[in-house]
Amino acid sequence: MFGAQPDPTVWVPFVTGGLALLLVLSGSPWRLARNVVTIVHEAGHGLIAVLVGRRLQGIQLHSDTSGVTLSRGKPTGPGMALTSLAGYPAPGLLGLAFAGLVAANRITVLLGLAALLLLGVLVMVRNAYGVLSVVLTAVGLGVVALVAGPEVQSWFVYLITWFLLFGGIRPLFELQRKRRRGAARDSDIDQLARLTGVPAALWLLIVGVLGLSCLLVGGIWLLEPALQP
């Protein structure tokens with residue numbers, strides 16, 4: 001089950017990359033697909049909260065694609081700062097991890113990792129829409145993992161990997177537009193600025209550079225087999 005799989009058709013990485021980019025740049029389709037980004041974003045908060053010793057109380061996912069991760073612990077200090085920082089980089093970092101697995105032809109491992117992520121989030125979700133969102137995502141993943149053949153699985157994992165790499169960047173532009181209008185003053189970035197004394201604009205730049213780096217490295221890994229002579 002977890003062995004190497006055959007390489008996909010040479011043009012699959014290019015087509016799925018283009019489709020993912022179109023999806024991220026779209027209107028209504030993006031707003032629907034953005035729920036996946038929100039799940040990963042909140043999972044990033046939750047994972048780091050646990051790792052730094054905070055008590056994870058629950059996750060809420062909302063129909064406007066926003067989310068909240070609640071944890072208990074010291075309200076200041078490095079642990080709280082890392083927890084606040086973890087959300088926005090999470091989709092790009094997960095996309096990078098997926099790209100590494102795809103490059104190593106470990107598609108079934110990738111699907112298993114995605115299933116574990118969804119299970120972890122589902123256990124901590126505390127509202128009805130959040131449960132529905134995670135369950136529907138898990139059902140789609142399950143159909144691909146258990147029913148689809150290797151070729152369809154290849155298309156799916158390339159598409160979701162590209163989507164995470166691209167999808168981790170657009171929310172940063174959306175956040176900056178809100179901040180210019182004087183909104184989103186309680187965003188993760190603004191909370192991080194208050195916790196560290198470092199300007200929010202600098203944190204936004206740092207997270208943006210990290211996201212672009214994940215896209216660059218992950219994109220190279222995804223395209224490298226197709227570009228080899």
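**Exercise 1. Start with alanine 138: find the helix that holds it, decide whether it is buried, partly exposed or exposed, and find how far it sits from valine 36.**

Solution. Alanine 138 belongs to helix α6. Keep in mind as you go that this is a predicted model. Next comes accessibility: the cut-offs are under 20% for buried and over 50% for exposed. Alanine 138 has 33% relative accessibility, so it counts as partly exposed. Last, the distance: alanine 138 and valine 36 are 102 residues apart along the chain, and their C-alpha atoms are separated by 10 Å.

**Exercise 2. Do the same for glycine 140, with leucine 47 as the partner.**

Solution. Glycine 140 also sits in a helix, namely α6. Its relative accessible area is 31%, so glycine 140 is partly exposed. Glycine 140 and leucine 47 are 93 residues apart in sequence, and C-alpha to C-alpha they are 23 Å apart in space.

**Exercise 3. Work out how α2 and α7 are placed relative to each other, and which residues meet.**

Solution. Two packed helices are described by the angle and the distance between their axes. Here the axes of α2 and α7 come within 11 Å and cross at roughly 85 degrees. The range for roughly perpendicular is 65 to 115 degrees, and α2 and α7 are therefore roughly perpendicular to each other. Now look at the contact: α2 brings Trp30, Ala33, Arg34, Val36, Val37 and Val40, while α7 brings Ile160, Phe163, Leu164 and Gly167. Sorted by type, that contact has eight nonpolar residues, one polar and one charged.

**Exercise 4. Take arginine 34 from that contact: is it buried or exposed, and what does it touch?**

Solution. Arginine 34 lies in α2. With a relative accessible area of 14%, arginine 34 is buried. Leaving out residues up to four places away in sequence, arginine 34 touches Thr65, Phe163, Pro171 and Glu174.

**Exercise 5. Repeat the helix-pair analysis for α4 and α5.**

Solution. The α4 and α5 axes come within 9 Å and cross at roughly 155 degrees. Anything over 145 degrees counts as roughly antiparallel, and α4 and α5 are therefore roughly antiparallel to each other. From α4, Leu94, Phe98, Leu101 and Val102 meet Val109, Leu110, Leu113, Ala114 and Leu117 of α5. This contact of α4 with α5 has nine nonpolar residues, no polar and no charged.

**Exercise 6. Check the span of α5, then list its buried residues and their packing partners.**

Solution. α5 has 18 residues, and at 1.5 Å a residue it should span 26 Å; the end C-alpha atoms are 26 Å apart, which agrees. Buried in α5 are Ile107, Thr108, Leu110, Leu111, Ala114, Leu118, Val121 and Met124. These buried α5 residues pack against α2, β1, α4, α6 and α7.

**Exercise 7. Describe the largest nonpolar core and one residue in it, tryptophan 162.**

Solution. The largest nonpolar core holds 39 residues, and those with the most contacts inside it are Val121, Val134, Val157, Tyr158, Trp162, Phe163 and Leu222. Elements giving two or more residues to this core include α1 (12-25), β1 (55-61) and α10 (200-227). The most comes from α7, with eight residues. Not counting residues up to four places away in sequence, tryptophan 162 touches Pro13, Thr16, Gly17, Ala20, Gly167, Leu215, Gly219, Leu222 and Leu223. There's also a second, separate core of eleven residues, with Ala81, Tyr88, Leu175 and Leu204 among them.

Notes. Residues are numbered from 1 along each chain as its sequence is written. This is a predicted model: local features need pLDDT of at least 70, side-chain atom pairs count only at pLDDT 80 or more; totals for chains, interfaces and linings use all residues. Side-chain values use heavy atoms; hydrogens and water are left out. A nonpolar core is a set of buried Ala, Val, Leu, Ile, Met, Phe, Trp, Tyr and Cys residues joined through side-chain atoms within 4.5 Å. Buried means under 20% relative accessible area, exposed over 50%, partly exposed in between (1.4 Å probe, protein chains only). Helices (H or I, at least four residues) and strands (E, at least two) are DSSP runs, numbered from the N terminus. Contact means heavy atoms within 4.5 Å. Axes are lines fitted to C-alpha atoms, for helices over the stretch in contact, and angles run from 0 to 180 degrees between N-to-C directions. Angles under 35 degrees count as roughly parallel, over 145 as roughly antiparallel, 65 to 115 as roughly perpendicular and the rest as oblique. Ala, Val, Leu, Ile, Met, Phe, Trp, Tyr, Cys and Pro count as nonpolar, Asp, Glu, Lys and Arg as charged, and the others, Gly among them, as polar. The expected span of a helix is 1.5 Å times one less than its number of residues.
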